[in-house]
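Student: Please give me a close look at one part of this model: a pocket and its lining. I'd like one connected picture, going from the lining outwards.

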Amino acid sequence: MIQKGNFLLLDISEFRSWLQKQKVTRRIKGLQVHHTGSPNYTTRKMVNGIAQQDHFKCLEGMRDFHINTNKWKATGQHLTLFEDGKVGVSLDRDLNMTPACIYNNNAGYVGIEIVGCFDKGVDIMTPVQKQAAIHLYATLCEKFYVPVNTDKIVYHAWFTASGTRLSDYTPGKSSKSCPGTAYWGDGNTIASANKNFLPQVKVELDRLRNNITSATPIPNTKPKDDEEMTEAEKQQVASLEKTIQQQSEWIQAEKLKANMECPTWAQEAYKYYKDHISDNKGSYDFWRILVTQYRKDNNIKVSK
């Protein structure tokens with residue numbers, strides 16, 4: 001996690017923890033899906049899957065364009081997802097502010113820009129960026145209780161320039177092709193969103209809600225027989241493996257707390273109520289309540 005200028009840069013493995021700590025007072029009803037168009041993989045000077053341009057230089061460049069050319073008061077989007085899975089957080093447009101992304105359809109939404117131009121024949125999304133996108137959208141759905149469907153997770157291509165919602169991407173009527181006519185390898189239509197992208201977000205959301213570690217998404221970066229993983233892909237795999245380990249340790253600790261033997265600080269209360277308890281095991285919360293009840297029954301005051 002690095003803060004510089006108007007942005008915070010996170011590894012995708014840090015995003016969920018960061019997001020859960022954010023206090024968002026405005027009602028979030030949905031998420032937007034955009035590609036940047038420009039900057040893209042060419043302007044970012046990609047070499048073997050690694051961009052040569054600094055993340056912060058790219059972010060500040062977008063911010064400068066949004067403020068000086070579009071005349072917006074801040075960066076348009078809340079979040080920017082890079083090709084290496086890193087997430088740029090706009091500090092000048094925090095989650096309590098409405099984004100400036102889809103004309104007349106920004107209230108209640110989180111604006112997310114995925115770096116690249118995913119129209120046919122241009123950029124092909126890296127496996128790392130794909131897996132990061134799945135996790136990012138699932139994490140946002142988890143935080144804000146956003147349903148995973150095309151009513152609440154919307155592509156820019158489904159709106160006209162005046163902000164009217166279309167039934168689907170319609171060349172000549174749609175404001176833009178964003179997030180790209182080859183987004184996710186499927187396209188930017190309602191059917192394409194329901195084919196792969198949204199189902200994968202739903203699977204990841206279910207995993208997060210059920211604290212399942214075995215299905216933690218690891219980028220599909222297994223090299224071909226004649227191809228090595230790039231350094232960026234290796235780093236992403238290592239980062240996600242670390243997350244898996246941390247989640248596993250947390251789950252084990254929670255399981256122990258759910259059925260733990262009477263701790264030393266509850267021994268006195270346990271002895272007092274022993275004849276009314278079947279055994280000496282219970283959850284952490286059970287032992288706390290027992291101690292509180294013991295103090296109340298025996299008029300034991302706790303000094304503050």
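**The second largest pocket and what lies around it**

Tutor: Happy to! Helix α2 makes the biggest contribution to the lining of the second largest pocket, giving six residues. Keep in mind throughout that this is a predicted model. The pocket has a volume of about 430 Å³. Its lining comprises 23 residues, and those closest to the centre are Thr36, Ser38, Phe65, His66 and Glu113. Two elements give two or more residues to this lining, namely β3 (30-35) and α2 (55-68). Sorted by class, the lining has twelve polar residues, eight nonpolar ones and three that are charged.

Let's start at Ser38, one of the residues closest to the pocket centre. The peptide bond from Ser38 to Pro39 is cis, with omega near 10 degrees. Pro39 belongs to the loop between β3 and β4 (46-47). The protein also has a cis bond between Cys178 and Pro179, where omega is about 10 degrees; Pro179 sits in the loop between β10 and α4. These are worth a look, because most peptide bonds are trans.

Now back to α2, and on into the loop that runs between α2 and β6 (79-81), where Lys71 is found. Its phi is near 65 degrees, a positive value in a residue other than glycine. Lys71 is exposed, with a relative accessible area of 64%. Asn104 is another residue other than glycine with a positive phi, near 65 degrees. It is found in the loop between β7 (87-90) and β8 (109-110), and Asn104 is exposed too, with a relative accessible area of 59%.

From β3, the other element named for the lining, we can step into the interior. Which residues touch the most other members of the largest nonpolar core? They are Phe15, Leu136, Tyr137, Leu140 and Phe197, out of 47 residues in that core. Helix α3 (residues 127-144) gives the most to this core, with nine residues. Tyr137 leads straight back towards the strand: leaving aside residues up to four places away in sequence, Tyr137 touches Leu31, Gln32, Val33 and His34, along with Ile112, Ile114, Ile153, Phe197 and Val201. There is also a second, separate core of eleven residues, among them Met260, Ala269, Tyr270 and Ile277. As a general matter, nonpolar side chains tend to be buried together in soluble globular proteins.

Tyr137 and Phe197 turn up again when we look at rings. Ring pairs link both of them with Tyr41, Phe118, Tyr155, Trp158, Tyr183 and Trp184 into a cluster. In total the structure holds 15 aromatic pairs. One of these is Tyr155 with Phe197, a tilted pair at 6.5 Å centre to centre, with 50 degrees between the planes. Tyr155 is in strand β10 (residues 153-155) and Phe197 in helix α4 (residues 190-209), so this pair ties together parts 42 residues apart in sequence. Both Tyr155 and Phe197 are buried.

Zooming out, the fold has seven helices and twelve strands, and 47% of its 304 residues are buried. Among contacts with a separation of 6 or more, 64% come from residues 24 or more positions apart.

Technical notes. Residues numbered from 1 in each chain as written. Predicted model: local features only at pLDDT ≥ 70, side-chain atom pairs only at ≥ 80, totals over all residues. Heavy atoms only, no water. 1 Å grid on protein atoms, 1.4 Å probe; cavity = no way out; pocket = protein on both sides within 12 Å on 5 of 7 lines; lining within 4 Å. Points joined across faces, edges and corners; volume = space filled by probe spheres on them. Helix = DSSP H or I, 4+ residues; strand = E, 2+ residues; numbered from the N terminus. Nonpolar A, V, L, I, M, F, W, Y, C, P; charged D, E, K, R; others polar. Core = buried A, V, L, I, M, F, W, Y, C linked by side-chain atoms within 4.5 Å. Buried < 20%, exposed > 50% of the residue type's maximum accessible area, 1.4 Å probe, protein only. Contact = heavy atoms within 4.5 Å. Phe/Tyr/Trp six-rings, centres within 6.5 Å; stacked < 30°, edge-to-face > 60°.
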